[in-house]
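Here's a quick briefing to read with the structure open beside you. Have a look at the chains first, then work through the points below.

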Amino acid sequence: MTTRKILIVDDELSVRGSLEEWFREDGFHVETAEDGNRAIAKMEAGPYDIVLLDLKMPGMDGITVQRRVREIDPGAAIIILTAYASVETAVEALKLGAFDYITKPVDPDDLSNLVRNALRQKELAEENLRLKEKVSELSRSAPIIGESPKMRRVLDTIRTVAETDSTVVIRGESGTGKELIARSIHAQSKRRFFPIVAVNAGSIPETLLESELFGHEKGAFTGAQYRRKGKIELAHGGTLFLDEIGDVTPKMQIDLLRVLETKRFSRLGGNQEVSSDFRLVCATHKNLEQMVSEGAFREDLYYRINVFGIEVPPLRERPEDILELARFFVEKYARAMGKPLRSIAPAAEDVLVRYRWPGNVRELENAIERAMVIGQGSAIEPGDLPLHVESGGGTEPAARSLAAVEKDHIERVLQELDGNVTRAAKTLGIDRATLYNKLKRYGIRR
Amino acid sequence: MPVAVHVALLNGYAPRWTDALVNGIADAVSGPVEAFPVDLDTIMAFAPGRRQYHATLLLAALLRHRREPTAKILGLTSMDLFIPVLTFVFGQSQLDGPGAIVSTHRLRSEYYGLPPDEGLLLDRAIKEAVHELGHAFGLVHCPEADCVMHASTYVEEVDLKSSEFCTRCARSVEEPGRR
C-alpha cells in the first residue's frame, strides 16, 4: 500500500507539531505549512490525499487558500480546522468543496473518523474514475472506416443523434455494419458508461423473443426455474439495440410500443411492473414504409421509433472506401494471426474495386480474412481473393445454380491448397466427410 | 542489542501495580525494564483554560531526565494530557525517538462513572505503555485489530486489543531494520 500524504496548514507551531506527530504515528507522510503561500507552494509540489486547513491565518485567509488548493488538486480532500466556530464560514467552506469542517480542540476519535471517511471517499472517487475509464475502453466501438461523402454524412448524423436521447432507426443492406453504427452512437452518448444490449429479433422465435426482451419470473413457463431479467431491464441506463425490427411480430409490436411509451413493463408470469430507462436504437434491412402501407408493421410504432433515420449506403455505392476498408482488414487480420503485414497488389485492388459486394463490408472482411489465411507472398494477389470479376467490369453472371458456384469454388480452393482435402475442408468451413461427399457428387478430381 | 526501557513515575505517582506494569512491559519488549521516580516542573505545561497538561511540553521536560542515551524513557502520570488540537490524548511519544508519556487519567473506570477497577486499569495502562513505546521503537499504527499498535482513540478500543505486538510489529521491534 502506498503511504498516504497529508498537508497540515496552521499558523500555530504547537498545532502543526502535535498533528504532525499524531498523523506520523498513524503511518501518514506528513508535511506542514505555516501560511497560505507556503501551503500553495507545497500543493504545487504535491499531490496530497488530505489537506487539514486552518481557516484563520494571517495574510491569506483559509477560504482563499482553500480555493487555490482546489484549483491545484481537486482530488485532495480538504478538512477545515478552526478555533472559531462560525456557521457562515463553515457553509462557505463546504460550498467550496471542503470534505468537512471541525472546531479545535477536536476529539481524537472524531478526527480519526473524519480522516478515515475522507480517505475512503477519495479512494471510492478514484476507483470510480478507474472503472469509468475501463468501461470506456471496453465499450469503445470499432472504428467506422470511410471517407466517401455518403459515409461522412452518416458519421455526421451519428455525432448529432448520439447527444440526444431519441430513438434511431438504422437502415441498410445486410453486412453494411448497422450494429457497428449502433455501438458508435452508444459510445458517443451520455449513456456510454452503461451497457449496450443487443437483441436480434430476426433470429429468435416470437415466444423466446418475448422472454428475452421482458425477462420472466420463476415458473412463468416450463423450464423457467429462476427469475431472469430481460434485455430491456439489462439495458437500464444504457442502450437497447434491437436488430431486424422489421421481423417483429404484430403482438410483439404492441408490447414494444407500450414499453417505449411508458418505459414500464412486467416480466413474463409476473404482476409487478418494472421500469427501465433505456434508449432504443433499432435496425432493419426491410422497407418499413412499405410494411406500414401493407399493414405488416404498426403505423404508431413506426412513428414512435422513426425519430431519427440513418441510411447506411451499400459498399457498391461508396467504392472510394473499398481500399481503405481492405487495408484496415489486412492490418486487423495480420495482427490477429501474428502474420506480417501484406500489401494489396494493384491487380487485386482492381478486383476489389470492381466487384459489386452484394454482402457488403462483411463480405469484404471475409474475403480479406481468407486472403490472409491462404496467401503466401508479400502482397495479396487476385488469386487470393474468392471473387470473380468479369473483364468487362461487371460481376459474374447471376444466372448460375448454387451447385455450379459451389463446384467452382471447391475446385479453386483445392487447387490453391494443392489438393489437400483437410486444409480445403477447414478453409471452406465444412468437415472432411462432407467435402468428400461433395467431391464425389460434383465429380471433382483432386 | 536489546534496548532498555526506563519507566519514570512522575511527581510521586506510584500506583500499587507498578511492578505488574513493569512486568507487563517486559513481556512485550526484549530489553530490561526498570522504574524510578522523576520530578518534573509541571506548571509550565498546565493550561488553566482546559485544566489539562500539555503532553508535548511534559515529554520534552522528561527527556532531560534520561539516565542512558540508548534507553527509551516512558513517563507515567495520572495528569490529564492534551495536545493543542485535540481534546485529550491517552499518551504521546516521539516516533522512533527516545521517549514517550502515558496518562492513566482517562483509563480509570471512575472517569466514565463506573466503579473503580484496578485490574482493568492495570491492563489498560500496560497496553497504552506498550503502544506508546512501540511508537518510540518506530512503529506506526497497525491494521491488525488484536495488535497493541492498533489505533485506539477511546477507552473501549483499548479494551478490545491485546497487550502484545502482532508477529509483524514484534519483528520490527526486535529488528528495527525490517521496518
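What follows is a short tour, starting with chain B and moving on to chain A and the contact between the two.

Keep in mind that this is a predicted model. Chain B brings together 5 helices and 8 strands, and a mixed open sheet of 5 strands is where we'll spend some time.

**Chain B overall**
- Walk along the sequence of chain B and you get β-α-β-β-β-α-β-β-β-β-α-α-α.
- Chain B has 179 residues, and 42% of them count as buried.
- Take the contacts in chain B with a separation of 6 or more: 60% of them come from residues 24 or more positions apart.

**The sheet in chain B**
- The strand order is E2-E1-E5-E8-E7, in an open sheet with mixed pairing.
- E2 (33-38) and E7 (91-93) of chain B sit at the edges with a single partner strand each, so each has one side without a neighbour in the sheet.
- On average, neighbouring strands here are turned by 20° against each other, ignoring direction.
- E1 (residues 5-10) of chain B pairs with E2(B) in the parallel sense, through 6 bridges; B:Val5, for one, has B:Val33 in E2(B) as its bridge partner.

**Helices on that sheet**
- H1 (residues 18-28) of chain B packs on the sheet and touches E1 and E2 of chain B, with its direction at about 135° to that of E2(B).
- H3 (residues 118-136) of chain B also packs on the sheet, touching E1, E5 (72-77), E7 and E8 (99-103) of chain B. The direction of H3 makes about 160° with that of E8(B).

**A strand pair in chain A**
- E1 (residues 5-9) and E2 of chain A run parallel, joined by 5 bridges, and A:Lys5 has A:His29 as its bridge partner in E2(A).
- Is E2 (residues 29-33) of chain A enclosed or open? Of its 5 residues, 4 are buried, so E2(A) is largely enclosed by the rest of the structure.

**A helix pair in chain A**
- H16 (residues 402-416) and H17 (residues 421-428) of chain A pack at about 130°, their axes 9 Å apart, and are therefore oblique to each other.
- The crossing of H16(A) and H17(A) is right-handed.
- A:Ile410, A:Val413 and A:Leu414 make the contact from H16(A), and A:Ala424, A:Thr427 and A:Leu428 from H17(A).
- By type, the residues of this contact are 5 nonpolar, 1 polar and no charged.

**Where the chains meet**
- On the chain B side, 15 residues are in contact with 20 residues of chain A.
- The chain B side of this contact has 10 nonpolar and 5 polar residues, with no charged ones.

Methods
Residues numbered from 1 in each chain as written. Chains lettered and ligands numbered in written order. Predicted model: local features only at pLDDT ≥ 70, side-chain atom pairs only at ≥ 80, totals over all residues. Contact = placed C-beta atoms within 7 Å. Nonpolar A, V, L, I, M, F, W, Y, C, P; charged D, E, K, R; others polar. Axes fitted to C-alpha atoms, helices over the stretch in contact; angles between N-to-C directions. Helix = DSSP H or I, 4+ residues; strand = E, 2+ residues; numbered from the N terminus. Parallel < 35°, antiparallel > 145°, perpendicular 65-115°, else oblique. Left-handed = near helix turned anticlockwise from the far one by under 90°. Buried ≥ 20, exposed ≤ 12 C-beta atoms within 10 Å, placed from the backbone. Pairing = 2+ DSSP bridges.
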